[in-house]
Amino acid sequence: MLDFTKLTQAMQGMGRHLKEQSISSQRYLDAVVALLPETEDQRHDLVLRQQQWGDRLIFNAAEPVEPLTHTQAIATPPPQHTVCATDGSQLAPSHHEIAYCYLINIGRVAIPYGQFQPSPAASASSPPQDYPAVAPPRPLLDSQPEMVYRTDELYQSQQWGIPIDDWMGYRRTVAETTALTDLSLNYPHTLAPLENPPSNLENVPRVAMLDGSLIHWNLERLPHEARDRLLADIFKAWDTLQHNRIPLVGYISSSRSRAALNFLRLALCPYENPDCPRHCSGSSDRAPCEKFSALRDVTVWGTLLQSGQRGPLWKSHAKILDGYGDHHVYFCHLHVGSEVTRLEMPEWVAADAQLLDLALTTTLAQVQKGYGYPVALAEAHNQAVVRGSDRSRFYALLEQQLVRAGVANIRTSRKESRKRGSIA
């Protein structure tokens, strides 16, 4: 139980501290905005320095592929389009429960927009004027649960020294991606067969959306064999999306990244060669280029962009991306009205004007429909989340199945039983 009286005392001074931080951040923000045009003038030279000395930098700086001051208004999406999204959650394994297993639940959402043309059969049976258009197929909102309970699957990660709880999270990431690709390809055939399918159903543009980054930072510290196994499944799914020209978007709300701002540090470096370990002893905090630590990328572009505009494209230089190949991740910042978000996409989306435009226009429309957050991602989360009542029903159902199978001595640990009640 939280003691709010003591908590109030602990909070004293926090407001004053945050106000001081805000004043300091505004001063740094004004300096960054003034520095951007100067940095743009030497952008090409700085990119060459970054490419030459990138392995000697002690910070992760993205590479601009468009002018730093570039802004572009986002148009409206195609009248007919479909948005697919997935999200996931899990129930972690516990030795205190009736069985040692874990659950991964993937929420799936596909929402079609616009009017569709009638099928040839319908057009032939009735005059065209009677069938100007047909309603799109109904949206799909469901979830796909996966239970992991076999010994070889549960303890698969131990060969690499990876805890089971961590491996469960990695598997969930892969499951979200593969489920999204399958949904993007097969919707609406995942529904019951349509009596009168629209004739142009297969030609309707589609966009695949994920919540969060496409840069899997958390895999970087894994052993190569484990990391390659996980990434292989992800890249296989992305290959399929690329082959079918379905743009993939990673939507990051409240991004804390400073990768774009770090590029400005190259312009502030007082040395001819940005050899950080040599000149600054590998300490980023005391480096002369570290002047904007209180700022984030979205804070700066929130000042530069108007609602409905995007900033320049950037190529990420995160180390994990060395093995991404054609799927190297690019990003830009998009002002959606309520905030500035970071949108990530694979290289094959960023390099294709048509796919990039489809991804941007559809994402902005999704945020507007979702009152500040993409409606497809919000619904995918709602489908995926496993609430406390779901957890109780899950274990009750599992107990029933174990009893039917003839498993004896089914019970939770004494610790778990005691925690579920109180004598106070």
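## Close-up views of a predicted model

**Figure 1. Helices H2 and H8 cross with a left-handed sense.** In this predicted model, the two axes approach to within 11 Å and make an angle of roughly 65 degrees. That angle makes H2 roughly perpendicular to H8, because the perpendicular class runs from 65 to 115 degrees. On the H2 side, look for Val32, Leu35, Leu36 and Thr39. Their partners on H8 are Leu261, Phe263, Leu264, Ala267 and Leu268. Sorted by class, the residues of this contact are 8 nonpolar and 1 polar, with no charged residue.

**Figure 2. Helix H2 also meets helix H10, and here the crossing is right-handed.** H2 spans residues 14–41 and H10 spans residues 297–304. Their axes come within 10 Å, with a crossing angle of roughly 70 degrees. H2 and H10 are therefore roughly perpendicular to each other. H2 brings Leu29, Val32, Val33 and Leu36 to the contact, while H10 brings Thr299, Val300, Thr303 and Leu304. This contact holds 6 nonpolar and 2 polar residues, and no charged ones. If Val32 and Leu36 look familiar, that is fair: both belong to the H2 side of this contact and to the H2 side of the contact with H8.

**Figure 3. Helices H8 and H10 cross at roughly 90 degrees.** Here the axes come within 7 Å of each other, and the angle makes H8 roughly perpendicular to H10. Ala259, Ala260 and Leu261 of H8 touch Asp297, Val300 and Trp301 of H10. The class count is 5 nonpolar, no polar and 1 charged. Two residues link this view to the earlier ones: Leu261 is also in the contact of H8 with H2, and Val300 is also in the contact of H10 with H2.

**Figure 4. The largest cavity has a volume of about 100 Å³.** Of its 15 lining residues, Cys269, Pro274, Cys276, Cys280 and Cys289 are the closest to the centre. Helix H8 (259–268) and helix H9 (276–279) are the elements that each give two or more residues to the lining. The lining is made up of 12 nonpolar, 1 polar and 2 charged residues. Over the whole structure, the search turns up 2 cavities of 30 Å³ or more.

**Figure 5. The largest pocket encloses about 380 Å³ of space.** Gly54, Asp55, Asn60, His317 and Lys319 are the closest to its centre among the 15 residues that line it. By class, the pocket lining contains 6 nonpolar, 6 polar and 3 charged residues.

**Figure 6. A cis peptide bond joins Tyr187 and Pro188.** The omega angle of this bond is about 10 degrees. To find the spot, follow the chain past helix H6 (164–186): Pro188 sits in the loop between that helix and strand E6 (206–211). It is worth a look because most peptide bonds are trans.

**Figure 7. Arg245 has a positive phi, near 55 degrees.** This residue is in the loop between helix H7 (224–243) and strand E7 (248–252). For context, most residues other than glycine have a negative phi.

Terms used. Residues numbered from 1 in each chain as written. Predicted model: local features only at pLDDT ≥ 70, side-chain atom pairs only at ≥ 80, totals over all residues. Heavy atoms only, no water. Axes fitted to C-alpha atoms, helices over the stretch in contact; angles between N-to-C directions. Helix = DSSP H or I, 4+ residues; strand = E, 2+ residues; numbered from the N terminus. Parallel < 35°, antiparallel > 145°, perpendicular 65-115°, else oblique. Left-handed = near helix turned anticlockwise from the far one by under 90°. Contact = heavy atoms within 4.5 Å. Nonpolar A, V, L, I, M, F, W, Y, C, P; charged D, E, K, R; others polar. 1 Å grid on protein atoms, 1.4 Å probe; cavity = no way out; pocket = protein on both sides within 12 Å on 5 of 7 lines; lining within 4 Å. Points joined across faces, edges and corners; volume = space filled by probe spheres on them.
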